[in-house]
Amino acid sequence: MTTGLFHLRCAQMGLTMADLERLTIGMVTDMAIEAGNDNEDYCELATQEDFDRF
C-alpha cells in the first residue's frame, strides 16, 4: 500500500491526523479490511452447533 492510498483509506474511514497519532499502521490496515468486509454477504453463518462440533 502506498502512502497516498493509505491516506485515502484513512480519509474514507473518517480518521483524523490526531487519530493516526494513536493508531499503528497495522490497526488502520485491519480497520480498512473490516470496513471492506462490512458490505459482504455471507451465504452461510456458523451456528452454536457448528462451534460445539469444532
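Reader: In the salt bridge that Asp50 forms with Arg53, how far apart are the closest N and O atoms?
Author: This is a predicted model, in which local features need pLDDT of at least 70 and side-chain atom pairs count only at pLDDT 80 or more, while totals for chains, interfaces and linings use all residues. Residues are numbered from 1 along each chain as its sequence is written, and side-chain values use heavy atoms, with hydrogens and water left out. A salt bridge here is a side-chain nitrogen of Lys or Arg within 4 Å of a carboxyl oxygen of Asp or Glu. For Asp50 and Arg53, the closest N and O atoms are apart by 2.6 Å.

Reader: Which helix holds both Asp50 and Arg53?
Author: Helices (H or I, at least four residues) and strands (E, at least two) are DSSP runs, numbered from the N terminus. Asp50 and Arg53 are about one helical turn from each other, because they sit three residues apart in helix H4.

Reader: Which residues are linked with Arg53 in a network of salt bridges?
Author: Side chains of opposite charge can pair when their charged atoms come close. Glu49 also forms a salt bridge with Arg53, with the closest N and O atoms 3.0 Å apart, and these two residues lie four residues apart in helix H4 (residues 48-53), about one turn of the helix. The partners that join Arg53 in the network are therefore Glu49 and Asp50.

Reader: Is Asp50 exposed or partly exposed?
Author: Buried means under 20% relative accessible area, exposed over 50%, and partly exposed in between (1.4 Å probe, protein chains only). Glu49 has a relative accessible area of 53% and so is exposed, and Arg53, at 59%, counts as exposed too. Asp50 has a relative accessibility of 25%, so it counts as partly exposed.

Reader: How many salt bridges does the count come to?
Author: Apart from the bridges in helix H4, Asp19 forms one with Arg22, where the closest N and O atoms are 3.2 Å apart. These residues are separated by about one helical turn because they are three residues apart in helix H2 (residues 17-22). Asp19 is partly exposed at 22% relative accessibility, whereas Arg22 is exposed at 63%. By the rule used here, the number of salt bridges is three.

Reader: Which residues make up the largest nonpolar core?
Author: A nonpolar core is a set of buried Ala, Val, Leu, Ile, Met, Phe, Trp, Tyr and Cys residues joined through side-chain atoms within 4.5 Å. Val28 is one of the members, and, leaving aside residues up to four places away in sequence, Val28 touches Phe6, Cys10, Met13, Leu15, Leu20 and Leu23, where contact means heavy atoms within 4.5 Å. The five residues of the largest core are Phe6, Cys10, Leu15, Leu20 and Val28.

Reader: What share of the 54 residues in the protein chain is buried?
Author: The chain has four helices and zero strands, and along the sequence it follows the pattern α-α-α-α. Buried residues make up a share of 9%.

Reader: What is the radius of gyration of the protein chain?
Author: This radius is taken over C-alpha atoms, and the globule rule is 2.2 Å times the number of residues to the power 0.38. Along the principal axes, the C-alpha atoms fill a box of roughly 45 × 20 × 20 Å. A compact globule of 54 residues would have a radius near 10 Å, but the protein chain has 16 Å.
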